[in-house]
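Me: I'd like a close look at one part of this protein rather than a full tour. Could you pick a strand and walk me through its surroundings?

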Amino acid sequence: MLDSNFLKENNAKHMWHPMAHPADMRNNPPKMIRGAKGVEITDIDGHTTLDAVGGLWNANLGYSVDSIKQAMTEQLAELPYYSAFRGTTNDKAVELSFELNEWFKPEGLTRAFYTSGGSDSVETCLRLARQYHKVRGEGERTKFISLKKGYHGTHFGGASVNGNANFRRNYEPMLAGCFQIAAPWTYRNPFGTDNAEEIANRCIAMLEDEIAFQGADTIAAMIMEPVLGAGGVIVPHKSFMPMVRDVCDKHGILLIADEVITAFGRTGDVHGSRLWGVAPDMMCTAKAITNSYFPFGAAMMGEKVVEAFESNKDAVGNIGHGYTYSAHPVGCAAALATLAEIKKAKVWENAEARGIELQNGLEQLKEKHQIVGDTRGIGLMAAIELVDDRPTKTPASKPAIAAAFDAAYEAGVTIRVSGNNIILSPPLVITADDVTRMIGALDKGLAAAASV
Ligand code: PMP
């Protein structure tokens with residue numbers, strides 16, 4: 001095993017990290033994780049913490065699920081790889097497609113297109129949405145509408161529908177024809193109200209307005225997260241997504257649900273669209289589909305889309321899109337074993353119950369710590385927004401937020417900081433004691449942030 005000083009030194013020298021400034025790696029080195037067990041991770045110095053980030057919203061069953069590891073190992077021995085392009089496929093991919101079809105039956109998402117992760121799933125849906133309209137002879141429908149604060153990954157299409165300037169500015173110009181409307185966010189919005197239902201109505205009015213402005217016949221799809229994750233865990237009023245569905249239907253616009261975070265239990269329901277009672281036309285999934293053990297995703301297609309492609313005999317119906325690792329047999333085996341575990345444990349039920357405890361705990365932290373401007377979340381996705389001053393909602397400083405991370409880590413819990421938010425997305429199998437442990441460490445973290 002390599003010496004820990006050697007590793008720390010060479011991390012800064014030879015590796016660039018996602019979503020980080022390269023120069024920061026030396027001054028503020030990341031925790032180097034070497035092991036994980038259950039819902040805990042251990043760093044290279046032997047310090048063990050509860051993983052309140054769940055990897056990156058994706059280790060939903062924790063790190064010790066032997067059935068997934070075994071399925072992957074067996075698959076590696078049997079068939080470590082084969083292509084699913086045209087002439088060939090593999091048995092695990094078919095088995096998984098059957099399983100996903102069962103899983104998404106209520107929404108009528110009957111075809112899976114496999115990818116290597118969330119950004120790929122988003123790109124797949126955006127590209128196939130354009131093609132769907134071409135297949136149907138409405139090729140001028142090419143534009144996309146999305147929500148400000150939405151996050152849809154890092155490929156050029158996904159980044160173009162992202163609603164956060166941090167992920168766009170340095171990479172402009174983005175894909176033409178992408179437009180954002182305000183997200184239904186109670187804490188910060190341009191409407192001067194914190195009434196969630198009213199905000200949802202205002203956002204829908206903006207959506208209608210944007211569609212009229214662009215011309216409905218130029219718009220391919222609306223893409224949205226049922227609960228906005230990376231943008232700061234923004235939970236829309238329950239009326240919002242059903243209203244979006246209605247607007248899309250009215251104007252012949254496809255609805256793409258980006259469920260890279262919310263699929264497979266995180267919101268306390270099986271997935272986010274079901275939570276709101278909506279059947280999207282396409283759904284992007286990834287992350288928890290393999291419990292994070294393999295980079296994998298599935299872009300799910302609804303009946304309307306399937307019908308359009310499969311009834312079209314011309315070249316325009318040919319799918320000119322796909323990845324070398326689409327339907328990777330090891331990923332498919334991992335996903336099959338993961339879905340079996342999720343179903344057996346009904347993890348969304350635990351996510352709902354622990355989520356209520358977590359929200360109550362966060363509420364108490366808000367009462368105690370003035371630095372907390374807002375707490376929000378649903379199921380086991382939550383955010384604490386840190387502010388310098390409650391009335392003006394001025395975001396807390398970077399050093400304050402860094403101090404929260406350090407103190408929580410010291411107290412035995414790894415949290416995630418993003419902008420002026422603390423983001424929590426622990427494995428869905430955490431216990432009530434784990435929630436108590438999280439709240440205790442956050443208490444220390446917030447005290448440390450306030451003293452900066
Ligand atoms: N969509 C959403 C909603 C996401 O949260 C993410 C990642 N956090 C992505 C897409 C991109 O997924 P990946 O990082 O696996 O490419």
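Reply: Here is a walk along one strand, E10, with a bit of context before and a second strand after.

Keep in mind that this is a predicted model. The protein chain has 15 helices and 16 strands. Its radius of gyration is 22 Å, close to the 22 Å that the globule rule gives for 452 residues, so the chain is as compact as a globular protein of that length. Along the principal axes, the C-alpha trace spans about 65 × 60 × 40 Å. Of the 452 residues, 49% count as buried. As for contacts between residues at least 6 apart in sequence, 72% of them join residues at least 24 apart.

Now to the strand itself. E10 covers residues 297-302, and six of its six residues are buried, so the strand is largely enclosed by the rest of the structure. In a regular strand the side chains alternate between the two faces of the sheet. Here, Gly 297, Ala 299 and Met 301 point one way, while Ala 298, Met 300 and Gly 302 point the other way. Both sets are buried, going by the rule that a residue needs 20 or more other C-beta atoms within 10 Å of its own.

Who sits alongside? One partner is strand E4 (residues 109-115), which runs antiparallel to E10 and is joined to it by six bridges. In that pairing, Tyr 114 stands opposite Ala 298. Another partner is strand E9 (residues 282-285), also antiparallel to E10, with four bridges between them. Thr 285 has Ala 298 as its bridge partner in E10. Ala 298 is thus a handy residue to click on, with Tyr 114 opposite and Thr 285 as a bridge partner.

For a second strand to look at, try E16 (residues 421-424). Both of its faces are covered: Asn 421 and Ile 423 are buried on one side, Ile 422 and Leu 424 on the other. Strand E12 (residues 381-389) runs antiparallel to E16, with four bridges joining them, and Ala 382 has Leu 424 as its bridge partner. Strand E15 (residues 416-418) pairs with E16 as well, antiparallel and over three bridges; there, Arg 416 is matched with Ile 423. E15 and E16 form a hairpin with two residues between them, and Gly 419 in the turn has a positive phi of about 60 degrees.

Conventions:
Residues numbered from 1 in each chain as written. Predicted model: local features only at pLDDT ≥ 70, side-chain atom pairs only at ≥ 80, totals over all residues. Rg over C-alpha atoms; globule rule 2.2 N^0.38 Å. Buried ≥ 20, exposed ≤ 12 C-beta atoms within 10 Å, placed from the backbone. Contact = placed C-beta atoms within 7 Å. Pairing = 2+ DSSP bridges.
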